[in-house]
Amino acid sequence: MILVTKPFLPPISEYKEYLEQIWDNEWLTNMGPLSKKLEHQLKDYLEVENLLFVTNGTVALQMAIKALDLKGEIITTPFSFVATISSIVWEGCTPVFVDIDQQSLNIDATKIEAAITQETTAILATHVYGNPCDVEAIDKIAKKHNLKVIYDAAHAFGVVVNGKSIFEYGDISTCSLHATKLYHSVEGGMVISNDENLFKKLNYIRNFGISGFDSFAELGLNGKNSEYHAAMGLVNLNHIKSISKKRQEICEYYDELLKDIELQKPVWHVSSKNNYAYYPVLFPSEDVLLKIVQILNENQIQTRRYFYPSLASSLPYLESQSFAITDGISKRILCLPLYYDLTLEDVKMICNLIIKVYNQ
Ligand code: T4K
């Protein structure tokens with residue numbers, strides 16, 4: 001079976017070395033030495049000042065909303081993973097959807113101002129598939145209307161825009177280090193903020209709000225991650241160059257084999273480069289997409305409709321709304337298999353099956 005994604009697994013001996021360290025340290029969780037080492041290495045690798053290693057990308061979003069003390073309405077995108085929206089609702093805020101841009105598939109910054117009301121406190125935008133949002137326009141709108149900005153950068157590990165890390169944009173950026181991501185720590189996430197006071201607050205929030213043995217500074221939760229997860233993060237970081245190279249090779253091979261059929265792909269931010277987190281393709285219609293899903297399934301090839309259906313029309317806890325661009329795109333988009341072990345022969349087989357449907 002060819003899966004849509006498979007976690008990168010390093011040589012087990014490298015992980016075992018860290019397991020021995022955990023046994024020696026007798027320290028299993030709560031900001032232990034390996035978690036601190038990972039944070040240090042991630043800061044170096046990503047070139048960011050302030051970074052916390054947390055439980056997962058969902059908790060990272062909840063921590064961000066709480067740290068900014070957001071209330072009322074948060075402007076967001078209907079084209080993302082459900083965690084983006086569920087976190088807003090979970091934190092007692094109301095998501096206000098704005099349609100996406102046809103090219104980038106990110107929130108359409110030109111439509112944000114029309115959605116701002118007296119109740120709006122923030123913009124929470126996803127860099128979908130790692131493709132940067134129009135960060136300049138969003139930051140400008142936020143400043144003008146005194147709004148906070150959170151970027152859900154769950155897919156954007158390693159992305160650089162305008163010469164600096166994508167995680168440096170917004171008041172807070174969050175990332176997922178889940179097993180299905182291009183770089184992972186099994187479960188895991190990151191919270192990044194350049195604002196020192198905010199970062200201090202996030203630090204407390206991650207650890208129940210505790211500020212000392214006998215004192216509390218904030219309302220907190222348990223956003224810590226374990227030494228076992230940090231160990232996986234540390235080992236995988238040593239392989240990140242070859243992981244990225246391999247994924248790039250696979251994506252470029254897809255590009256080459258699919259170049260002659262009618263197919264669209266998200267248009268990448270001009271001042272940034274793809275991190276090859278996903279390989280999304282837009283078919284001419286949902287009908288073509290369903291035929292392709294079927295033929296691939298019959299050949300034991302799994303794809304995923306990331307992100308279908310639109311979050312504005314499918315969540316049982318929100319009133320259903322339609323958005324022309326999101327509804328159209330989400331029906332036609334499919335993520336093809338992409339992972340470190342995927343062979344070029346497999347890619348060829350997948351593309352031949354897709355082309356076969358086009359030629360029918
Ligand atoms: N914001 C955005 C924009 C996100 O995309 C996400 C997560 C979040 C926030 C929240 O971050 P986390 O709290 O998750 O850190 C997967 C991932 O679970 C999820 O992390 C990710 N986005 C989302 C886009 O994809 P599912 O429900 O599609 O996962 P699942 O279990 O169906 O796995 C997909 C395929 O991966 C499987 O069919 C087979 C393969 N797989 C998966 C796992 C877990 C393996 O081969 N081995 C494995 O261990 O959500």
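A polar contact is a pair of N or O atoms within 3.5 Å; inside a protein, one atom must be able to donate a hydrogen and the other to accept it, and neighbours in sequence count only if both atoms belong to side chains. The model looked at here is a predicted one, where local features need pLDDT of at least 70 and side-chain atom pairs need pLDDT 80 or more, while totals for chains, interfaces and linings take in all residues. Residues are numbered from 1 along each chain as its sequence is written, and side-chain values use heavy atoms, with hydrogens and water left out.

So what does the ligand touch? A polar side-chain atom of Asp152 sits 2.7 Å from a ligand nitrogen, and a side-chain N or O atom of Ser176 is 2.7 Å from a ligand oxygen. Lys181 joins in as well, with a polar side-chain atom 3.0 Å from a nitrogen of the ligand. On its own the ligand exposes 920 Å², and the protein buries 76% of that (areas by the Shrake-Rupley method with a 1.4 Å probe; for residues, only the protein chains shown count as cover).

Zooming out a bit, 25 residues surround the ligand, and Thr58, Asp152, His155, Ser176 and Tyr306 come nearest (a residue is near a molecule if one of its heavy atoms lies within 4 Å of it). By class, this shell has eight nonpolar, 13 polar and four charged residues; Asp, Glu, Lys and Arg count as charged, Ala, Val, Leu, Ile, Met, Phe, Trp, Tyr, Cys and Pro as nonpolar, and the others, Gly among them, as polar. Helix H3 (57-67) and helix H4 (82-90) each supply at least two shell residues (helices are DSSP runs of H or I with at least four residues, strands are E runs of at least two, and both are numbered from the N terminus). The ligand lies between domain 1 (12-237) and domain 2 (240-359), because both give residues to its shell; the domain bounds come from an automatic or database assignment.

The backbone has some quirks too. Most residues other than glycine have a negative phi, and most peptide bonds are trans. Yet a cis bond joins Tyr306 and Phe307, with omega about 10 degrees, and another cis bond joins Tyr308 and Pro309, with omega about -5 degrees. Phe307 is in the loop between helix H9 (286-298) and helix H10 (311-314), and Pro309 is also found between H9 and H10.
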